[in-house]
Amino acid sequence: MSPADIRDVIIEILEDIAPDEDLSSLKDDVSFREQMELDSMDFLDIVMELRKRHRVQIPEEEYGELASMESTVTYLTPKMADI
Amino acid sequence: MYDTIIIGAGMSGLAAGIRLAYYDQKVCILERHTTIGGLNSFYRMNGRDYDVGLHAVTNFTPKGEKKGPLARMLRQLRFKWEDFSLSPQIGSRIAFPGCSLDFDNDIRLLTAEIADKFPGQVDNFQSLCDKIVDYDDLDQATFEISTRNVLKETISDPLLIEMLLCPLMWYGNAREDDMDWGQFCIMFRSIYLEGFARPFKGVRLILKNLVRKFRGVGGELKLRRGVAEIKVDGDRAVGVTLDNGEEIEGKRILSSAGRLETLRLCEDVSEVDVRQSGQLTFIESISILDREPSKLGNDRTIVFYNDSEKFDWRPPADDLCDIRTGVICSPNNYEYGPEDGKLDEGVVRITTIADFDRWNNLDEQKYKIEKLNWYDKSVESAVRFVPDFRGHVVDTDVFTPTTIRRFTWHDKGAVYGAPDKQLDGTTHLSNLFLCGTDQGFVGIVGSLISGISMANQHCLRD
């Protein structure tokens with residue numbers, strides 16, 4: 001998957017986690033926590049959804065890489081290159 | 001072989017089930033009763049629908065609010081805000097002799113009421129608000145501090161202390177007389193800072209949505225399947241034996257049966273300390289009226305009353321019930337939307353404190369008589385604080401501590417479970433966990449959050 005595809009994957013997941021949220025104005029360089037008030041339960045969901053949908057495993061100590069869209073895409077690009 | 005066996009199809013069990021089944025676990029919920037809901041269930045009698053637990057959904061926040069337990073619960077269970085169709089309360093009241101405080105879903109009303117009735121306490125109330133700990137920052141050590149000590153240090157008028165405690169104890173305190181500070185903070189936020197709401201169709205709507213979602217993600221729900229024993233091998237639970245002898249294997253078990261009730265099921269536990277059981281249970285006297293309560297001058301959603309300046313929160317000393325304090329709930333008095341309309345009939349639900357053992361020991365004939373007797377006494381007590389509606393009653397029902405026991409299976413019908421909470425949900429077995437009342441959260445949203453957080457912490461990460 002290309003970085004742009006990965007971004008789409010994350011957007012789809014966020015749409016499911018927060019159906020009332022308008023994601024069209026999401027800023028990629030600002031943290032999800034700050035923009036969407038996501039908490040630790042929501043971050044667990046992003047991890048679980050990636051596992052469920054794309055079989056991507058993320059170790060618990062690396063959850064911090066998912067802070068913003070930009071850092072998430074950078075972190076996932078090598079992991080999802082072959083999908 | 002199930003990935004997770006869940007004991008109890010109340011709010012917490014259903015919420016945990018949804019989480020786990022959604023993430024592809026093979027999950028089974030076992031419920032002893034003939035229906036779902038646990039404490040927050042419902043029944044039908046004489047052609048009318050009744051709710052057991054629900055007076056109000058606490059933790060109400062409006063659509064668009066991203067913080068707080070309601071928003072968090074909706075996200076975690078993939079519900080839209082509209083799915084619970086919550087209508088906010090009109091307004092509630094704390095009524096003591098010669099003094100009342102009104103409050104609604106905006107803390108400014110309560111603050112203004114305190115400024116009006118207790119002018120010297122405004123700053124003290126503000127400093128109390130500043131001390132309230134956020135949901136996420138509560139740990140076991142902070143949780144167990146004495147609320148009465150904190151209140152004494154903060155507020156210098158004893159009447160205001162009793163008045164503030166009254167609704168919070170009524171809606172979620174398992175401990176007699178005092179309250180854990182953590183529980184106080186949870187209740188303060190959920191009632192005074194967030195607020196009350198109700199779905200027009202009552203708790204049925206919420207339960208229907210939960211079950212539909214659970215089944216939709218592949219979960220199995222089995223009613224009339226009481227767990228007789230939890231099978232143990234070393235430090236692990238390996239499965240359960242049902243009342244009917246059937247055996248079911250599971251990799252882990254999540255139990256909403258209560259802490260002592262769960263321990264007692266474990267094959268390796270020979271005796272539990274029953275002195276740790278919760279003692280606080282209620283009767284509820286329900287009146288169906290020929291008109292809305294507001295037509296009789298009662299426009300309050302909920303009235304928490306106490307007939308002296310000191311609020312006693314403990315089981316009745318020497319009788320079946322203690323009616324000196326109570327809760328008067330009028331489900332008509334919510335701001336239902338135009339699509340809902342109005343409830344067909346007027347309803348007043350009065351809850352008072354009761355003693356489980358005394359009710360449980362009555363024979364059938366005496367039980368029926370005492371229900372009628374205490375209905376009359378409870379209503380008589382309540383109409384000192386709301387306009388008298390007794391000339392307009394068309395039907396009545398009463399449920400008692402033994403009813404609550406039947407729905408919840410909690411020892412002594414203890415509505416809020418045991419006083420000592422196990423916030424992390426762990427037990428002496430490495431793969432047996434608790435959720436629900438004894439894990440520390442109460443109320444409908446709180447119970448759902450309990451199930452969600454215990455599923456997340458203990459059952460999803462492997």
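Here's a quick tour of a structure with two chains, A and B, that touch each other. Keep in mind that this is a predicted model: local features need pLDDT of at least 70, side-chain atom pairs count only at pLDDT 80 or more, and totals for chains, interfaces and linings use all residues. Residues are numbered from 1 along each chain as its sequence is written, while chains are lettered from A and ligands numbered from 1 in the order in which they are written.

**Chain B overall**

- Chain B has 14 helices and 18 strands (DSSP runs numbered from the N terminus: H or I of at least four residues for helices, E of at least two for strands).
- Its radius of gyration is 21 Å, close to the 23 Å from the globule rule for 462 residues, so chain B is as compact as a globular protein of that length. That radius is taken over C-alpha atoms, and the rule is 2.2 Å times the number of residues to the power 0.38.
- Along the principal axes, the C-alpha atoms of chain B fill a box of roughly 60 × 50 × 50 Å.
- Buried residues account for 52% of the 462 residues in chain B (buried means 20 or more other C-beta atoms within 10 Å of the residue's own, with C-beta atoms placed from the backbone).
- Take the contacts in chain B between residues at least 6 apart in sequence: 74% of them join residues at least 24 apart. A contact means that the C-beta atoms, placed from the backbone, lie within 7 Å.

**Nonpolar cores**

- The largest nonpolar core (buried Ala, Val, Leu, Ile, Met, Phe, Trp, Tyr and Cys residues joined through C-beta atoms within 7 Å) has 133 residues, and B:Ala16, B:Leu254, B:Phe304 and B:Ile328 touch the most other members.
- Helix α7 (residues 158-170) of chain B gives the most to this core, with nine residues.
- Setting aside neighbours within four places in sequence, B:Leu254 has contacts that include B:Ala16, B:Phe433 and B:Met454.
- A second, separate core has 10 residues, among them A:Ile6, A:Leu14, A:Met69 and A:Leu76.

**Helix α4 of chain A**

- In α4 (residues 69-79) of chain A, the buried residues are A:Met69, A:Thr72, A:Val73 and A:Leu76.
- Looking down the axis of α4(A), these residues fall within an arc of 95°, so they line one face of the helix (the arc is that of the directions from the helix axis to the C-beta atoms).
- The buried residues of α4(A) pack against α1 of chain A.

**Where the chains meet**

- Chain A and chain B each put 13 residues into the contact.
- On chain A's side, α1 (3-17) and α3 (40-54) are the elements giving two or more residues, and α3(A) gives the most, with five.

Note on methods:
A residue is buried if 20 or more other C-beta atoms lie within 10 Å of its own, exposed if 12 or fewer, and partly exposed in between; C-beta atoms are placed from the backbone.
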